[in-house]
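Here's a quick tour for anyone meeting this protein for the first time. Have a look at the structure, then read on.

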Amino acid sequence: MKKKGVFVSFTLALCFLVSCKDNKSEAIISQDIPVYDFEGLEPLLYTQNNKTYLINFWAMWCLPCVEELPYIQEYAQKNPDVEVILVSMDFPKDIETKLKPFLKKNNITIKVVLLDDPDANSWINKINPEWSGAIPFTIMFNNEKRFYYERSFDDLQDIEIEISKNFNK
């Protein structure tokens, strides 16, 4: 009976230690990933303040998107004054089984939302009539300026140059 008590105590202590682990990549797994239609997403694409935003449309199945994610993550970490949001184009049914594990595996801790709106022909033109719908697609903006990039970023410096050039940062 004494061995059983020691085992239970050890197991509880181990569970406590593991659950108290301070790891940012773990936080993303418990983070809710809201699912929006375009009407719900649209307010995130505009601002009345002078804060700079970087909104990136991407998907797990898009190789150029996945390749640029570490640069966007690094930029967000180095520039907390810039609001960075990743808009996933993946399926809502895959949030728990694929998207969250993907984010954890790749140490992506940026805010992620998922766009689930089948009327792409409508909302793509509302974002930018010149956008073909291809991803990755990034919008950089504040209340005075707006820039669109239908391409992937090559590295952290590529993002920094565009922000600096367009927003004098």
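A residue counts as buried under 20% relative accessible area, as exposed over 50% and as partly exposed in between, using a 1.4 Å probe and protein chains only. This is a predicted model, so to speak of a local feature takes a pLDDT of at least 70 and side-chain atom pairs count only at pLDDT 80 or more, while totals for chains, interfaces and linings use all residues. Residues are numbered from 1 along each chain as its sequence is written, and side-chain values use heavy atoms, with hydrogens and water left out.

**The big picture**

- The protein chain has seven helices and six strands; these are DSSP runs numbered from the N terminus, with helices being H or I of at least four residues and strands E of at least two.
- Going along the sequence, you meet them in the pattern α-α-β-α-β-α-β-α-β-α-β-β-α.
- The protein chain has 169 residues, and 39% of them count as buried.
- Take the contacts (heavy atoms within 4.5 Å) with a separation of 6 or more: 70% of these in the protein chain link residues 24 or more positions apart.
- About 10000 Å² of the protein chain is exposed, with carbon and sulfur atoms supplying 55% of that; the areas come from the Shrake-Rupley method with a 1.4 Å probe, and for residues only the protein chains shown count as cover.

**The sheet**

- Six strands make an open sheet with mixed pairing, in the order 1-4-3-2-5-6; two strands pair if DSSP finds at least two bridges between them.
- At the edges sit strand 1 (35-36) and strand 6 (146-149), each pairing on one side only.
- Strands of a sheet pair through backbone hydrogen bonds, either parallel or antiparallel.
- Strand 2 shows both kinds: it runs parallel to strand 3, with six bridges, and antiparallel to strand 5 (residues 137-141), with five bridges.
- For sample partners, Trp 58 bridges to Ser 88 in strand 3, and Leu 54 bridges to Met 140 in strand 5.
- Strand 3 is mostly covered, as five of its six residues are buried.

**Helices against the strands**

- Helix 5 (residues 95-105) packs on the sheet and touches strand 1, strand 2, strand 3 (83-88) and strand 4 (111-115).
- The direction of helix 5 makes about 145° with that of strand 4; axes are lines fitted to C-alpha atoms, for helices over the stretch in contact, and angles run from 0 to 180 degrees between N-to-C directions.
- Helix 7 (residues 156-167) lies across strand 2, strand 5 and strand 6, at about 35° to strand 5.

**Aromatic rings**

- There are eleven aromatic pairs: rings of Phe, Tyr and Trp (its six-membered ring) pair if their centres lie within 6.5 Å, and planes under 30 degrees apart count as stacked, over 60 as edge-to-face and the rest as tilted.
- Phe 57 and Trp 123 are stacked, 6.4 Å centre to centre with 15° between the planes.
- Phe 57 belongs to strand 2 (residues 53-58) and Trp 123 to helix 6 (residues 120-127), so their pair ties together parts 66 residues apart in sequence.
- Phe 57 is buried at 0% relative accessible area, and Trp 123 is buried at 4%.
- One aromatic cluster takes in Phe 38, Phe 57, Trp 123, Trp 131, Phe 137 and Tyr 148.

**A loop residue**

- Asp 119 sits in the loop between strand 4 and helix 6 and is partly exposed, at 43% relative accessible area.
- The C-alpha atoms of Asp 119 and Phe 38 are 8.7 Å apart, although 81 residues separate them along the chain.
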